[in-house]
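Student: I am new to this structure. Please take me closely through one sheet, then show me what lies around it in the rest of the chain.

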Amino acid sequence: MTNTVIELRALSKRYGGDRGLQATTLEIRRGEIFGFLGPNGAGKTTTIRTLLGFLRPTSGEARVLGLDVATRSVDIRRRVGYLPGELVFEPRRTPRDLFAFYARLRGVQNVAYALDLSRRLDLDVSRPIGALSKGNKQKVGLVSAFMSRPELLILDEPTDGLDPLMQEEVHALIQEARAEGRTVFLSSHVLSEVDRVADRVGIIRAGELVMVSSVADVKARLPHRLEIRFAVPVPQAVFASIEGLRDVRVLGNVVSCVLAGGADALLKAASAYPVLDIRGSEPNLEEAFLSFYQAPSGERGVNHVA
Ligand SMILES: Nc1ncnc2c1ncn2[C@@H]1O[C@H](COP(=O)(O)OP(=O)(O)OP(=O)(O)O)[C@@H](O)[C@H]1O
């Protein structure tokens, strides 16, 4: 059994003359949660719809679960749990009927697991879908994607429209899927969500995959803010001139700075005074994302990593 669940090889999709996705190469491994991030119009939905065979690649190729997206899309769609970004349901149908229909379509024995998921998400399965709120329609989409326990889930903005409690529940579902060795491809605008659940992250910009890295690596590469508290006030001049530090602030007996290089020079300077406490703050993915988008090219905080 191959460990690659999604594979893109120089995959491009053009809309007439406009680019949707350009020459993208990427591998997603079995059992990982991959977060796909990018601003509006970057190409996330284009990528997902091409992987599911709703759009034909302009050039290059892609395989999902070992199946070619250009020729095997029916099989791919049967085996993948897909949550689209824009949900369309027959309004008079109830969630219970819809889940029974999907169960027959996908060869799922019964709807017990779908009803169990509905309870977890606090979804009333007996009301017509047309009468449900936006958040509850989202839950119908989520249950539909998860109910067959698919080996691959492709989720486009899974927590869109959900309250914080329900967002937690969806994150738990995603993590449970991974614990069972299943794979999750998660497109999101919500950086904190990707930060929390994803193992690796890919950032797409104007149709181009500009970074792929583990979430831990993204954070490790970012400058960290450090705060040192001394027992006595310390001179500004000593700390302001240390190499590898940015944004140095000395306020009485507290020095705060961003550690852009090594910490050696800073610690040697600090050792001349009585130190009470040192604290470092862990950068989050939001800072990584902003540093990537805001820094001039060639000086980006985070670089492409295979
Ligand atoms: N059917 C289409 N015809 C022409 N251009 C399209 C079509 N669908 C998407 N595009 C263009 O392709 C680019 C990528 O769009 P896509 O919907 O994939 O972005 P996205 O990352 O999913 O954005 P969002 O976060 O806003 O959903 C955009 O410039 C968009 O205008």
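Tutor: Start with one rung of the sheet: Arg246 has Val258 of E13 as its bridge partner. The model is predicted, so pLDDT must be at least 70 for local features and 80 or more for side-chain atom pairs, while totals for chains, interfaces and linings use all residues. Residue numbers start from 1 in each chain and follow its sequence as written.

The Arg246 rung has company. Five bridges link E12 to strand E13 (residues 254-259), and the sense is antiparallel. Here strands are DSSP runs of E with at least two residues, helices are runs of H or I with at least four, and numbering goes from the N terminus. Two strands count as paired when DSSP finds at least two bridges between them. In general, strands of a sheet pair through backbone hydrogen bonds, parallel or antiparallel.

Now widen the view. The sheet is open, has four strands and runs in the order E12-E13-E11-E14, with antiparallel pairing. Strand E12 (245-251) and strand E14 (275-281) form its edges, each pairing on one side only. On average, neighbouring strands here are turned by 15° against each other, direction ignored. For such angles, axes are lines fitted to C-alpha atoms (for helices, over the stretch in contact), and angles run from 0 to 180 degrees between N-to-C directions.

Next, the rest of the chain. It holds 11 helices and 14 strands. Its C-alpha trace spans about 75 × 45 × 35 Å along the principal axes. Of its 306 residues, 34% count as buried. Buried means 20 or more other C-beta atoms within 10 Å of the residue's own; 12 or fewer means exposed, and anything in between partly exposed, with C-beta atoms placed from the backbone.

Another antiparallel pair sits earlier in the sequence. Strand E1 (residues 4-15) and strand E4 (residues 59-64) are joined by five bridges. One of the rungs sets Glu7 against Arg63 of E4. E4 also runs antiparallel to strand E5 (residues 67-68), with two bridges. There, Val64 has Leu67 of E5 as its bridge partner. The hairpin of E4 and E5 has two residues between the strands, and Leu65 takes a positive phi near 55° there. Leu65 is not a glycine. It is partly exposed, because 19 other C-beta atoms lie within 10 Å.

Ala206 makes a similar entry, in the loop between strand E9 (200-205) and strand E10 (208-214). Its phi is near 45°, again positive in a residue other than glycine. Ala206 is partly exposed, because it has 13 other C-beta atoms within 10 Å.

Val80 belongs to strand E6 (residues 80-83). It is buried, because 23 other C-beta atoms lie within 10 Å. Leaving out residues up to four places away in sequence, Val80 touches Leu52, Val64, Pro150, Leu152 and Ile154. Contact means that the two C-beta atoms, placed from the backbone, lie within 7 Å.

Follow Ile154 into the interior. With the same exclusion, up to four places in sequence, Ile154 touches Ile48, Leu51, Leu52, Val80, Tyr82 and Phe185. The largest nonpolar core has 57 residues, and Val143, Ile154 and Leu186 touch the most other members. Another core lies apart from it, with eight residues, among them Val234, Phe239, Val255 and Cys257. A nonpolar core is a set of buried Ala, Val, Leu, Ile, Met, Phe, Trp, Tyr and Cys residues joined through C-beta atoms within 7 Å.

Last, the ligand. Its surrounding residues are Tyr15, Asp18, Gly20, Gly38, Asn40, Gly41, Ala42, Gly43, Lys44, Thr45, Thr46 and Gly85. Strand E2 (18-29) and helix H1 (44-51) are the elements that give two or more residues to this shell. A residue is near a molecule when its C-beta atom, placed from the backbone, lies within 6 Å of it. H1 supplies the largest share, three residues. The shell divides into two nonpolar, eight polar and two charged residues. Here Ala, Val, Leu, Ile, Met, Phe, Trp, Tyr, Cys and Pro count as nonpolar, Asp, Glu, Lys and Arg as charged, and the others, Gly among them, as polar. H1 itself is mostly covered, with six of its eight residues buried. These are Lys44, Thr46, Thr47, Ile48, Thr50 and Leu51. Just after H1, Gly53 takes a positive phi of about 80°.
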